[in-house]
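Could you take me through this structure in the viewer, one stop at a time? I am new to it and would like to know what to select next and what is there.

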Amino acid sequence: DPCRDDALRVLDRLEAAHCLGIPTAMVGQGIGPMDDPQLRARAKAVLPLVDLILIRERFATPQLLTALGVDPQRVIFTSDDAIEMAYRARGKALGTGIGVSMRVAHYTQVEEQQLAVVRPILEQASANYKANLIAVPISHSAHELDDQVIRELLAGQANAVHSPWRFEPPLGLIKRVGRCRIVVTGTFHTAVFALSQGIPAVALAKSTMYMDKFIGLADQFGAAGCQALYLGDTNLPAKLAAAIDTAWTTAEQVRPQLLEAAARQIELGHAGYRQIYELVEAKKQVRQQ
């Protein structure tokens, strides 16, 4: 729903391609929440026509697609495409910092009052473990500006480490995450970059959209390595402090299972893309006949 207009345009293009007999596939998809009547009606009309839909989580998307009339045989779980790059860049050992990422946008529903709750917990964790707070901004889009949000969150903290560059390529961000023992994040791909390198994530969300994202990651990597917390919880300070302590003390223990989960999901991704290749080849043969 937060991306309603973009989604409607994508659905129009998919429908046009189908009408022209062009193979259609959607990749890396996390679909929903979707309650807008017009968007839901268009999705119900178009998505069942798509040849293959590769999804990045199993928590919410499959049920929604089924409700929209999509044949489950056309839906393939592949996880997130960014996992492979992060997994390949993993270090031989855990880092020593605490990665920090947060996003304030209309679709995350995060507000200053939640940042005010999180700020002292991060400061205390940094002091407890003598760990730098390493900023990991993912998006610099005008409606997101992660870097500014994180600077505000970490303002006044002596152990905060910000990148000297305004923009970093994905591999640069992945390597920043690789300097951490754990991450505390309100952005999806910081969690992906961490978990794929065997680094536990404490994920913070307010909106249903982001809770679904992080619960999906917890399902894929295991709740021991990915703890999803609701930012609107009245007991958030205690729960966040406990989650950070758990992540820090169990990091070495959970690392092997996180790396194993990442490797397994990479293979699922490769299998999904092979099916797209086979789909296109099959349609080419039919046309040639």
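Start by selecting helix α8, residues 188-195, together with helix α9, residues 208-221. Their axes come within 10 Å and cross at roughly 10°, so the two helices are roughly parallel to each other. Here an axis is a line fitted to C-alpha atoms, for helices over the stretch in contact, and angles run from 0 to 180 degrees between N-to-C directions. Angles under 35 degrees count as roughly parallel, over 145 as roughly antiparallel, 65 to 115 as roughly perpendicular, and the rest as oblique. Helices (H or I, at least four residues) and strands (E, at least two) are DSSP runs, numbered from the N terminus.

Before moving on, please note that this is a predicted model, in which local features need pLDDT of at least 70 and side-chain atom pairs count only at pLDDT 80 or more, while totals for chains, interfaces and linings use all residues. Residues are numbered from 1 along each chain as its sequence is written, and side-chain values use heavy atoms, with hydrogens and water left out.

Now show the side chains between these two helices. From α8, F188, A191, V192 and L195 meet Y210, K213, F214, L217 and F221 of α9 (contact means heavy atoms within 4.5 Å). By class, this contact has eight nonpolar, no polar and one charged residues. Ala, Val, Leu, Ile, Met, Phe, Trp, Tyr, Cys and Pro count as nonpolar, Asp, Glu, Lys and Arg as charged, and the others, Gly among them, as polar.

Stay with α8 for a moment: how many of its eight residues are buried? Seven are, so the helix is mostly covered (buried means under 20% relative accessible area, exposed over 50%, partly exposed in between, with a 1.4 Å probe and protein chains only). Colour F188, T190, A191, V192, F193, A194 and L195 to see these buried residues.

Next, select α5 (residues 112-129) and α6 (residues 146-153). Their axes come within 9 Å and cross at roughly 55°, which makes α5 oblique to α6. On the α5 side you will find E112, L115, V118, R119 and L122, which meet V149, E152 and L153 in α6. The residues of this contact divide into five nonpolar, no polar and three charged.

From α6, step back to E144, in the loop between β5 (133-135) and α6. E144 is buried, at 10% relative accessible area. Beyond its neighbours within four places in sequence, E144 is in contact with R103, V104, A105, Y107, S139 and V149.

On the other side of β5, pick A131, in the loop between α5 and β5. A131 counts as buried, with a relative accessibility of 1%. Leaving out residues up to four places away in sequence, A131 touches T96, G97, I98, S126, N159 and W248. Try a distance label to C180: the C-alpha atoms are 8.9 Å apart, although 49 residues separate the pair in sequence.

For the last single residue, go to I31, in the loop between β1 (25-29) and α2 (37-46). Is I31 buried or exposed? I31 is buried, with a relative accessible area of 10%. Its contacts, not counting residues up to four places away in sequence, are I53, T61, L64 and L65. M209 is 178 residues away in sequence, yet 9.2 Å from I31 in space, C-alpha to C-alpha.

Finally, zoom out. The protein has 10 helices and nine strands, and 48% of its 289 residues count as buried. The C-alpha atoms fill a box of roughly 70 × 40 × 35 Å along the principal axes.
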